[in-house]
Amino acid sequence: MFNDFVASLYDPWFNYELYSDLLDAVFNAFDFQKLGIAYLVVSIVCLLVFYKVLDPIKKPRLKWLLTTVCSGILMLIVCCVLLYNNNEVLMSIASYSPSQPNAINPEYFIIQMAAITFLYGVITAMLLSVLMKYLSAANTKNPF
């Protein structure tokens, strides 16, 4: 069920008819579910470091923005690791031939997935920061 929910976040970004093999490979390996769990874990860990370990800090808004971007970068890395460890995606990469008509480049698919994951990672960190800011003693007004 969670795999379905996270997969639905990626559906608007891809033409399913073109990317069906790759999207099914990610779905069948439960990589969408792993990404969803990673969104929460990575964001919570980054925000805990920001709101508890680095509390109080100078230039809190800038550092909050950097924390959310770092969360997105870590999610990008998690996505690439998951996809490069997916056997079906690796088989698609191995069998890819640019000379085939209408062939989808699996490497480009991974880049697209990673970029979307970066965006969702930043959004998740921003949303969770609204709740987690109350863990801080001196930083409760950051980001809003």
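**Helix packing in an all-helical predicted model**

Leu-22, Ala-25, Val-26 and Asn-28 of helix H2 are in contact with Glu-88, Val-89 and Ser-92 of helix H5. The structure is a predicted model. The axes of H2 and H5 are 8 Å apart and make an angle of about 155°. This angle lies over the limit of 145 degrees, and H2 is therefore roughly antiparallel to H5.

The protein contains six helices and zero strands, so that the order of elements from the N terminus is α-α-α-α-α-α. The C-alpha trace spans about 60 × 30 × 25 Å along its principal axes. Of the 144 residues, 40% are buried. Among contacts between residues at least 6 apart in sequence, 78% link residues at least 24 apart.

Helix H2 covers residues 16–28. Its 13 residues would reach 18 Å in a straight helix at 1.5 Å a residue, but the end C-alpha atoms are only 15 Å apart. A bend of about 40° is found in H2 at Leu-22. Leu-22 is also one of the buried residues of H2, together with Tyr-19, Ser-20, Leu-23, Ala-25 and Val-26. An α-helix has 3.6 residues a turn, so residues three or four places apart point the same way. The buried residues of H2 are covered by elements that include helix H3 (31–53), helix H4 (60–84), helix H5 (87–95) and helix H6 (106–132). Leu-22, Ala-25 and Val-26, which are among the buried residues of H2, also take part in the contact with H5.

At the start of H2, a side-chain oxygen of Asn-15 lies within 3.1 Å of the backbone nitrogen of Glu-17. Asp-24 is also located in H2. With a relative accessible area of 30%, Asp-24 is partly exposed, because this value falls between the limits of 20% and 50%. The side chains of Asp-24 and Tyr-16 are joined by a polar contact of 2.7 Å. Asp-24 and Glu-88 are 64 residues apart along the chain, and their C-alpha atoms are separated by 9.1 Å. Glu-88 is one of the H5 residues that meet H2.

Phe-30 is found just after H2, in the loop between H2 and H3. Most residues other than glycine have a negative phi. Phe-30 is not a glycine, yet its phi is positive, at about 60°. The relative accessibility of Phe-30 is 46%, and the residue therefore counts as partly exposed.

The next residue range considered is that of H3, which begins at residue 31 and ends at residue 53. Two packed helices are described by the angle between their axes and the distance between the axes. For helix H1 (residues 2–10) and H3, the axes come within 8 Å and cross at roughly 85°. The crossing angle falls in the range of 65 to 115 degrees, and H1 and H3 are therefore roughly perpendicular to each other. On the H1 side, this contact is formed by Phe-2, Asn-3, Val-6, Ala-7 and Tyr-10. The H3 side contributes Asp-31, Phe-32, Gln-33, Leu-35, Gly-36, Ile-37 and Tyr-39.

Helix H4 has 25 residues, and the distance from its first C-alpha to its last is 36 Å. This is close to the 36 Å expected at 1.5 Å a residue. The buried residues of H4 are in contact with H2, H3, H5 and H6. Those buried in H4 include Trp-64, Thr-67, Thr-68, Ser-71, Gly-72, Met-75, Cys-79, Leu-82 and Leu-83. Thr-67, located in H4, has a relative accessible area of 11% and is therefore buried. Apart from its neighbours within four places in sequence, Thr-67 is in contact with Cys-46, Leu-47 and Phe-50.

Gly-72, another of the buried residues of H4, is 51 residues apart from Ile-123 in sequence. The distance between Gly-72 and Ile-123 in space is 8.3 Å, C-alpha to C-alpha. Ile-123 belongs to helix H6. Its relative accessibility is 36%, and Ile-123 therefore counts as partly exposed.

How values were computed. Residues are numbered from 1 along each chain as its sequence is written. This is a predicted model: local features need pLDDT of at least 70, side-chain atom pairs count only at pLDDT 80 or more; totals for chains, interfaces and linings use all residues. Side-chain values use heavy atoms; hydrogens and water are left out. Helices (H or I, at least four residues) and strands (E, at least two) are DSSP runs, numbered from the N terminus. The expected span of a helix is 1.5 Å times one less than its number of residues. The bend at a residue is the angle between axes fitted to the seven residues ending there and the seven starting there. Buried means under 20% relative accessible area, exposed over 50%, partly exposed in between (1.4 Å probe, protein chains only). Contact means heavy atoms within 4.5 Å. A polar contact is a pair of N or O atoms within 3.5 Å; within protein, one must be able to donate a hydrogen and the other to accept it, and residues adjacent in sequence count only if both atoms are side-chain atoms. Axes are lines fitted to C-alpha atoms, for helices over the stretch in contact, and angles run from 0 to 180 degrees between N-to-C directions. Angles under 35 degrees count as roughly parallel, over 145 as roughly antiparallel, 65 to 115 as roughly perpendicular and the rest as oblique.
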